[in-house]
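Let's take a look at how the chains of one protein model meet each other. Have the structure open and turn it around as you read.

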Amino acid sequence: MIDVLLLAQESTGFFPTFLQTLIKGLALGSIYAVMGIGFVIVFKGTQVLNFAAGGIAMAGALFMSILVNDAGLPFLPFSNPLAPEIGTTPSIPRWLINLVLALIIAAILGMVLERIAIRPMIGQPLFSMAVITLGIETALGPFNRDATSLTARSLQIPWGLEQWEFLGAGIPKSYVGAMVAAVLCFLSINLFFRSRFGVAMRAVAFDQEAAQAQGINVGRVFSIAWGLGAALVAVGAIFYGMGPFPPQGTVSQEIHPVLAFRVLPVIILGGLDSIPGALYGGLLIASAEVFAGQYLAQWTSVLGAGYSTIVPYIVMLIVLLVRPYGLFGSEEIRRV
Amino acid sequence: MSSNETGTSKIIEVEDITLRFGGVTAINGVGFHVTEGELFAVIGPNGAGKTSIFNSISQVYRPQEGDIRWKGKSIMGERPDAIARLGIARTFQNIALFGQMTVIDNILTGRHIRMKNNWLTGMAWFGPAKKEEMENRERVEDIIDFLEINEWRKHPVALLPYGIQKRVELGRALAMDPELLLLDEPVAGMNLEETEDMARFILDIREELGISMILVEHDMGLVMDIADRILVVDFGRPIGTGLPKEIQSNDDVIAAYLGQDFSEEISID
Amino acid sequence: MSFGRPHLRTSYEQDSAIFPTYFQKGAAGLFLIFIVLMVLGNGAAGWIPTWLFGQTWLNPLTLVLPFAIAALGFNILTGVTGQVSLGHAFFMGVGAYSAVTLGGKGDGGVKACVPFADNIGLLDKAGECGLGLPIWIWLPLAGVFAALVGILVSPAAVKVRGLYLAIVTVGLVFIGLHIARMLPEYAGDYESGRKWPKLDIRIWKEEVPFIDMNEDGKWLGLIYLTEEQKQFFFLFAILLVMMAFAKNLVRTRTGRALQAIRDRDVAAEVMGVPEQHYKRVGFAISSFYAGIGGALWASYQGRVSPVDFSLLLSVEFVAILLIGGAGTIAGTMMGTLFVELLPKAVEKLTNWLSGNLDSGGVIGDLANIMLTSGPGDFGPVSTSPTAPGWPMSVFLWNPVIYGVLIVIFLIFEPHGLFGIWVKIRNYWKGWPFSY
Amino acid sequence: MKFKRLLALFMALGLVASACGSSETDDGAAGESESSATTEATAEEETTTTAAPAEAEEPAAEIATDFGVTDDTIKVGLNADLSGPFASLVAEIVEGQTVYWEVVNANGGIAGRQVEMVVLDSGYATDKGIENYLTLAAESDEGVAMISENTGSPITAAIAEDAKDDDILVIPLSWASLWADPDIGPNILEKGTNYCIESMNGISFLADLVTENGDTPKLAILSRPGEYGADGFAGAALAAELLDIEVVYAAEGEVAGDDRTAVVTQLVNSGANIVWTTLTPGETADIFGNAVAQGFEAQWSGNQPSFNYLAHLGGDLAESFDQYWWQSGYTVPWNGNDSEGMQDLVAAFTELRPDNNLSDVYAIGWMEGLMVQTVLEQAAANGDMTRAGIVAASQEVTVDFKGLGPNQSWAGSYNDSVVRESYMFDADATAFDIQPVSSGTGSTGLFIEKGPFVSEIVADYVFDGPCI
């Protein structure tokens, strides 16, 4: 064992390894952040902690896979006219158009779920709403599993596993893609919050009844929050599907269903209601996870196999001991 | 407990407390004291900081400056439950009953600090725990009789009418066998009949049980009728302290508060 | 004599009893006797409908009992104290592994009980730690250890509120799984676990148990019972005791303090109920129940793997609480029965439907709508348990139904099965008047 | 509509009946017209009912039975993972067995009795699995004669002791060498090569490849926590010892959790040129993909469950898998050879499940069927179809898998009866078809490279118990 460890330190230079780790941390952080924002938007708009995000995210990735594989659309008499030809990888623009389509479908799924399961619960305790989403998550799971069990669910990533060489480090294009996607999402969400809908959503988040009285259509705000939230977590799931992230270009039956649970520490750290918090939290947690995985590897026998998986939870617990409302969350003044 | 010279010994002293939330100063240098058996009232317009004074005494909020002394000992920095164990009970402006519990259970919760059984003896039930429960249950029934809420005993309080809830809250505070009772707007939102009932209960408590009280109230008629001394606050600052008569004739008070509130009161009734 | 008349009680003791009237006492007693007779089967009384508790259902039903105990604990924490926890599976795990460490058979000797013994070279190969103590030691201690761990984690848990707590406890489950993976001396193989001590009652470590629960035979020389029946009665007795404890807790000082924190935490503190202390107490008691439940579950099964103490198990308790009705013991029982037996019932229903596929009539039509028996037929449920893809097999539909039921119950009946029961009861009490 | 469906089912059954009835002389009944197939099936059913007792050469009444066997049916139980992590694989395996019984039943069943499957879902959870076992092993009319499939090492380990007490035969869907434990007894009828031997054969194969290229083999072993990982690892370590290969990285049970950066880092830095994995497909893809992305080149292989053609040949890594991956296995892949068994299997699926996706694992279910049939027929011939009788019969038979895999018997010591052969497959990304159906010509992309073969170290090794 000892020989192996010495070898490990010698064979790669310090800097390329560090750079590679940093990029990986940033890329994973981008995905956590995007999904975290998905959670936060739903929470801000509807006061629901969306445990169903995992199921919705995986469904979004599945929609994407269906669209780009041209296997015909299930239950529909026609197939996707924008799909690439069978067996070919789509060009980037065509892939992006399909991505947008997939996100729209995911958003519709989010809106439908909100309309049937969340809307009737307005005004109920936070816990009940959160548990409703646990119910939805449980119910969505088998469909996702079933859809991935028969055919390869390739995401047809145009750039596959290509990577750039930079200062001796290999930088996968998918990592950069994830970062770009996160930046775009973050910017557009910020723009959105400045628009009329954004103001309406903030008003609803502050006080649903007062907002209603001011003529704001609370139902529509709910719908939009869920639609946006669903699309965002789907973005996360799709970009996480790209190699060299574990699913390696597919929708994975093993890996995708648990992805959303890994985002929970992120939103706790950032605060349930803070969008910048989700961003910083995502980057922080992912970096902690990836750096621990890289640089504590030789202590595996002490830390236990797979220790990096629980690093986010440990970070979360420590932060919460110091700041019970996360790093960026707003502390609630106890009213009497 | 030792000093029994009614009316002379200070039971609680509030000394120049200041309480801020971020940039907002809720209380600014308020000071007063209450002697044993006294009925002290705090009045002031909405948002004047009356409830914040109560919250400071129960240490739900921690004033940044000043001192609060209970029988000469500072209670600053104690936890709210420790304050309760000293013998300070209170009611709340917006009723804070335990909604899903019955009237009996609510008032029994008031007995919490006077009871001893813990989770272990409680789980076992038979023996001392059961005996203690029964004894306290008797005490609670006395309070229920006193407040005339017999018919509601077994109902979850969230389902009760507003006036009854206010009474249950008073009962819960009484069950603590307090030495000082903080009443936060006990008759707010009540009709004339209910107000009279509540006034009668307050006077009964004072006469029969000899408990000191601090009363925050909007209803000027009630305050002037029953209070021994009155403190007037506005924007967190004290404006004046004195006997009801003095307050009524205090120019500052009239300017800041009374005129406007009397007219409000008329419009309410 | 008072037959269910609520106003004729003569003492406070009677008033706060679990079953205040003779009628209720009698009903409870009859219900108990009924259960016992049903489990005993035809041998005891010919007229008892044994089909319900026959061979098919006795084992699943016995399995419900440890879950009911753990669910009581979850109810104390979440239903009574109002602290939403998704970490119940973790505490069940702590109980289960305490039980196997104290009561199980170890092959690594005392050395194996040193954590990381194989890492620091004390053991050649991961041995298992087990002290082989009798049940009257390991069962209570399983609960106590779980409670201690509950107290240990409470500094983080009592500080955070609401949904934050829910997520923190999710973290607990993952950390627990990781620890289980790190300590095979206690947890056994990560996937297949290790052997638990059986439910037999021994006085000390003797070979022949004082009461043998794993062989058919006479129990205490009195009555002939099968293995399954013995285990049922034993677990059922423990459940009854735990139910009584829970009920007593809720109707005394501590229980009121816990409920006060749930309903109005600030007001509770001002009434002299120290919030953090009682949250800790709630955590500890809930963990105690979880520990006992976990230990009994694992012992009854004989083998449970660490991966079984997953988030899914915690979610099961949330479902039990919400479907049964929060805060009530009867509701917890109904919820546990419902949630634990639902998959089996759905399976039976589908089998029955597919058996009636060609029978015509309403049932046949329903079966035709619901089931797909071959290509070209349309229906969401496949009659073949194995057909992958759409339509899905009944086994994949099971979790869907379970999830949808959680949603439906929350939307339409927030008080759960207990709420429905109260409505039915009130309807019959008021009959023929509708209110 | 209902009538049509019934008719279709009936005809399908009839077709298979005729196909199988005549398969020895004729290559299926595809050319026969529907009407003749139907009449033939009807005729055959009639003959079956009358002829069955005569064929068995003793009246059914003389066969001793206890649970699960009646005069006209035999119940076999399956404790399968149909909603858990292995659901997609297991569902196809069960499908393989289902089709097998459809064929057998159409041909008159076993000893004049129709075979009825009782399928229960464990979701791969031990507790549910135990509960299912108790239901299947019930000593009443609801119990089964034997358990023809029990998914997973954990659940099998959990019920092994009970199975011994109940004296019921269980065929585990698990290739752990654990079932060699004499304590477990003859009740757990292990099937095929175990992970331990598979690892030894596989590493021998890879080492030969590397040596042929003039390199010295340097081995990295990756395994996950649990019995599967431990067994595969034990075999790999044993192979390294016997072949005198340097182990440059040994991650025993270290592949766990969702982030495998640590393992990839150490693997890439270890300089290994042979990698043996005992992982799940997701873990394999992650580690393989990241290592390849970092320029790591080696000959990879792993125990069969490490690989899943859908996940691996359907994703971005397809070409890399094609280049570096050799898949190990215990059975012939779909249409992988032209043995009698494979022909039967393909014919049956083409007829009975033309729209099913094809799968390499149908063969596993089919082989379970062959095992059960051989054992039950022996039990019937012995005149004892009690559970104990079936267990006894299992020790007397040799199962002929008709070219689907190495034949197997369970008599004698473990060392005598253990299956030492395994296969190595070449993964071909271009041949892989994303949605192949069993009536088409598609492929799962795996082709036999070598096998069945026994490496030297396995041939000489004495197996007297589990490797772990």
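What follows is a short tour of two interfaces and one helix pair in a predicted model.

Chain A is a good place to begin, with its contact to chain C. Here 51 residues of chain A touch 45 residues of chain C. Putting these two chains together buries about 4200 Å², and 80% of that lies on carbon and sulfur atoms. You won't find salt bridges between chain A and chain C, as their count is zero. What does turn up is three residue pairs in polar contact, with both residues at pLDDT 80 or more. Which parts of chain A do the touching? At least two residues each come from α4 (92-118), α5 (126-149), α10 (256-270), α12 (300-303) and α13 (307-322) of chain A. The top giver on this side is α5(A), with 16 residues. Sorted by class, the side of chain A that touches chain C has 38 nonpolar, nine polar and four charged residues.

Now for the contact between chain D and chain A. In this one, 41 residues of chain D meet 45 residues of chain A. The salt-bridge count across it is zero, while eleven residue pairs are in polar contact, again with both at pLDDT 80 or more. On the chain D side, the elements giving two or more residues are α3 (87-106), β7 (246-251), α8 (261-270), α9 (281-293) and α10 (309-313). The largest share, eight residues, belongs to α9(D). By class, this side of chain D holds 14 nonpolar, 19 polar and eight charged residues.

Here are the two interfaces side by side:

| Interface | Buried area | Share on carbon and sulfur atoms |
|---|---|---|
| Chain A and chain C | about 4200 Å² | 80% |
| Chain D and chain A | about 3400 Å² | 52% |

Finally, let's go inside chain A. How do the axes of α11(A) and α13(A) cross? The axes of helix α11 (residues 275-295) and α13(A) come within 8 Å and cross at roughly 145°, and the crossing is right-handed. From α11(A), the residues involved are I285(A), A288(A), E289(A), A292(A) and G293(A), and they meet Y307(A), S308(A), V311(A), P312(A) and V315(A) of α13(A). By class, this helix contact has seven nonpolar residues, two polar and one charged. You've seen α13(A) before: this helix is also among the elements of chain A that supply at least two residues to the side touching chain C.

Conventions: Residues are numbered from 1 along each chain as its sequence is written. Chains are lettered from A and ligands numbered from 1 in the order in which they are written. This is a predicted model: local features need pLDDT of at least 70, side-chain atom pairs count only at pLDDT 80 or more; totals for chains, interfaces and linings use all residues. Side-chain values use heavy atoms; hydrogens and water are left out. Contact means heavy atoms within 4.5 Å. Buried area is the accessible area (1.4 Å probe) that two parts lose on being put together, summed over both. A salt bridge is a side-chain nitrogen of Lys or Arg within 4 Å of a carboxyl oxygen of Asp or Glu. A polar contact is a pair of N or O atoms within 3.5 Å; within protein, one must be able to donate a hydrogen and the other to accept it, and residues adjacent in sequence count only if both atoms are side-chain atoms. Helices (H or I, at least four residues) and strands (E, at least two) are DSSP runs, numbered from the N terminus. Ala, Val, Leu, Ile, Met, Phe, Trp, Tyr, Cys and Pro count as nonpolar, Asp, Glu, Lys and Arg as charged, and the others, Gly among them, as polar. Axes are lines fitted to C-alpha atoms, for helices over the stretch in contact, and angles run from 0 to 180 degrees between N-to-C directions. A crossing is left-handed if the near helix is turned anticlockwise from the far one by less than a right angle, and right-handed if clockwise.
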